[in-house]
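Hi everyone, thanks for coming. Please have a look at the sequence and the model, and then I'll walk you through them.

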Amino acid sequence: MRSWNCHCSLPISVTEEVHITGFVQDEEGDWIAELSCGHRRHVRHRPPWQNRPWVMSAAGREKMLGYRLICRECQKNIDKF
């Protein structure tokens with residue numbers, strides 16, 4: 001598993017959203033969304049628990065570029081302050 005340093009610019013509001021800037025695959029072939037805050041987030045499609053069929057195609061992933069979400073890692077960092 002790859003590791004990365006936190007590059008987010010704190011402090012950040014708990015409700016502040018970031019957006020998806022790109023996608024990479026991990027060593028197991030699962031897709032990871034790269035976020036504008038510098039963090040990454042797995043975006044797996046493993047029904048019925050993780051239902052993200054859009055991740056299975058290049059066109060689906062391309063449509064999700066710019067999608068806004070709340071970063072779980074930034075939220076964890078907020079709790080430290």
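Let's start with a question: where is the place of Arg61? Arg61 sits in helix 1, residues 58-64. By helices and strands I mean DSSP runs numbered from the N terminus, with H or I over at least four residues for a helix and E over at least two for a strand.

A word on what you are looking at. This is a predicted model, where local features need pLDDT of at least 70 and side-chain atom pairs count only at pLDDT 80 or more, while totals for chains, interfaces and linings use all residues. Residues are numbered from 1 along each chain as its sequence is written, and side-chain values use heavy atoms, with hydrogens and water left out.

Now, the sheet. It is an open one, with 4 strands in the order 3-2-1-4 and antiparallel pairing; two strands pair if DSSP finds at least two bridges between them. At the edges are strand 3 (40-42) and strand 4 (68-69), each pairing on one side only.

Strand 1 and strand 2 are antiparallel and share 5 bridges, and in this pairing Gly22 stands opposite Glu34. Their hairpin has 5 residues between the strands, and there Gly29 has a positive phi near 90°.

Strand 2, residues 31-35, is also joined to strand 3 by 3 bridges. Here Ala33 faces Arg41, and the bridge partner of Ile32 is His42. This hairpin has 4 residues between the strands, with Gly38 at a positive phi near 105°.

Is strand 2 mostly buried or exposed? Buried means under 20% relative accessible area, exposed over 50%, and partly exposed in between, using a 1.4 Å probe and protein chains only. In strand 2, 4 of the 5 residues are buried, so the rest of the structure largely encloses this strand.

That brings us to the largest nonpolar core, which has 13 residues. Such a core is a set of buried Ala, Val, Leu, Ile, Met, Phe, Trp, Tyr and Cys residues joined through side-chain atoms within 4.5 Å. Phe23 and Leu35 have the most contacts inside it, and strand 1 (18-25) and strand 2 each supply at least two of its residues.

Contact, by the way, means heavy atoms within 4.5 Å. Not counting residues up to four places away in sequence, Phe23 touches several residues, including Trp31, Trp54 and Arg61.

So back to Arg61. Leaving aside neighbours within four places in sequence, Arg61 is in contact with Phe23, Trp31, Trp54, Val55 and Met56. Arg61 is buried yet has no salt bridge, and the nearest side chain of opposite charge, Glu62, is 8.8 Å away. For charge, Lys and Arg count as positive and Asp and Glu as negative, with His and the chain ends not counted. A salt bridge is a side-chain nitrogen of Lys or Arg within 4 Å of a carboxyl oxygen of Asp or Glu.

How many salt bridges does the structure hold? There are 5. One of them joins Glu17 and Arg68, at 3.7 Å from N to O. Glu17 lies in the segment before strand 1 and Arg68 in strand 4, 51 residues apart, linking distant parts of the chain.

Glu34 and Arg40 also meet in a salt bridge, at 3.6 Å. Lys76 pairs with Glu73 at 3.0 Å; these two are 3 residues apart in helix 2 (residues 72-80), which means about one helical turn separates them. Finally, Asp30, Arg44 and Arg46 are linked in a network of salt bridges.
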